[in-house]
Amino acid sequence: MQSSQLDYIPILMQALLAIGFVAGTILISGKLGPKRSSKIKDSNFECGIESLGNARIPFSVKYFLVAILFVLFDVEVIFLYPWAINFKELGMEGMVKMVIFMLLLLIGFFYIIKKKALDWE
């Protein structure tokens, strides 16, 4: 089946329409919306409390490490779902491969616990 560049014109038109709609909505709401400025309205606050000090406080690397580890072990569920759906069709070979996969994940998890990557100080 041959496709030409003309087949992509509807996709291009839809993308341009979507981008134009978003840009137009933002521009029109900026022009037509109310513009009421005051000292109280323009001041920074956090949850209704006036902020003190610099907002650029560096985060601990542990915070980012825990976030990355969460994503890593959360993605494992994505691999488990198709396996669970096709469990009977995969047979013993699929079971062995999944056991190896789970063992590798457990080894990684115990390594993380041994290195105390999940401990907060």
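Q: Let's start with one stretch of the chain. Over residues 95–113, what percentage is helix and what percentage is strand, and how far apart are the end C-alpha atoms?

A: Good place to begin, and keep in mind that this is a predicted model. Residues 95–113 are 100% helix and 0% strand, with 27 Å between the C-alpha atoms at the two ends.

Q: Where does UniProt place the feature "transmembrane region"?

A: The unreviewed UniProt entry puts this feature at residues 12–30, 63–83 and 95–113. Such annotations may be inferred rather than shown by experiment, so treat the label as coming from the record. You can then set it beside the coordinates: over residues 12–30 the model is 100% helix and 0% strand, and the end C-alpha atoms are 27 Å apart.

Q: How many helices and strands does the protein chain have, and what pattern do they follow?

A: There are four helices and two strands. Going along the sequence, they follow the pattern α-α-β-β-α-α. The radius of gyration of the protein chain is 26 Å, well over the 14 Å from the globule rule for 121 residues, so the chain is more spread out than a compact globule. You can also look at the extents: along its principal axes, the C-alpha trace spans about 70 × 60 × 20 Å.

Q: Which domains does the assignment give, and how far apart do their C-alpha centres lie?

A: The assignment gives domain 1 as residues 1–33 and domain 2 as residues 59–120. Their C-alpha centres lie 40 Å apart. Individual pairs help fill in this picture. Take G24, which lies in helix α1: G24 and I85 are 61 residues apart in sequence and 45 Å apart in space, C-alpha to C-alpha. Another residue of helix α1 (residues 9–32) is G30, whose C-alpha atom is 59 Å from that of V96, a residue 66 places away along the chain. A third pair is M92 and P10, with their positions 82 residues apart along the chain and 47 Å between their C-alpha atoms.

Q: Are those residues buried or exposed, in the case of G24, G30 and M92?

A: Read each relative accessible area in turn. G24 is partly exposed at 24%. G30 is also partly exposed, at 44%. M92, which has its place in helix α4, is exposed at 62%.

Q: What percentage of the protein chain counts as buried?

A: Of the 121 residues, 7% count as buried. To read a core, look for buried nonpolar residues joined through their side chains. Here the largest nonpolar core has five residues in all: L69, F73, L105, I112 and A117. The elements giving two or more residues to this core are α3 (61–85) and α4 (87–114).

Q: Which residues does F73 touch, leaving aside those up to four places away in sequence?

A: F73 touches L105, G108, F109 and I112. Among these, L105 and I112 are also members of the core. For a contrast in helix α3, try L72. L72 is partly exposed, with a relative accessible area of 48%. L72 and F110 are 38 residues apart in sequence, and their C-alpha atoms are 14 Å apart in space.

Q: What share of the contacts join residues at least 24 apart in sequence?

A: Start from contacts in the protein chain between residues at least 6 apart in sequence: 59% of them join residues at least 24 apart.

Q: How many salt bridges are there, and which residues form one?

A: Side chains of opposite charge can pair when their charged atoms come close. In this model the count comes to one salt bridge. E93 pairs with K97, and the closest N and O atoms are 3.1 Å apart. Because E93 and K97 are four residues apart in helix α4, about one helical turn separates them. Both E93 and K97 are exposed.

Q: One backbone detail to finish: what is phi of K116, and where does K116 lie?

A: Phi of K116 is near 60°, a positive value in a residue other than glycine. K116 lies in the segment after α4. At 51% relative accessibility, K116 counts as exposed.

Terms used: Residues numbered from 1 in each chain as written. Predicted model: local features only at pLDDT ≥ 70, side-chain atom pairs only at ≥ 80, totals over all residues. Heavy atoms only, no water. Domains from an automatic or database assignment. Core = buried A, V, L, I, M, F, W, Y, C linked by side-chain atoms within 4.5 Å. Buried < 20%, exposed > 50% of the residue type's maximum accessible area, 1.4 Å probe, protein only. Contact = heavy atoms within 4.5 Å. Salt bridge = Lys/Arg side-chain N within 4 Å of Asp/Glu carboxyl O. Rg over C-alpha atoms; globule rule 2.2 N^0.38 Å.
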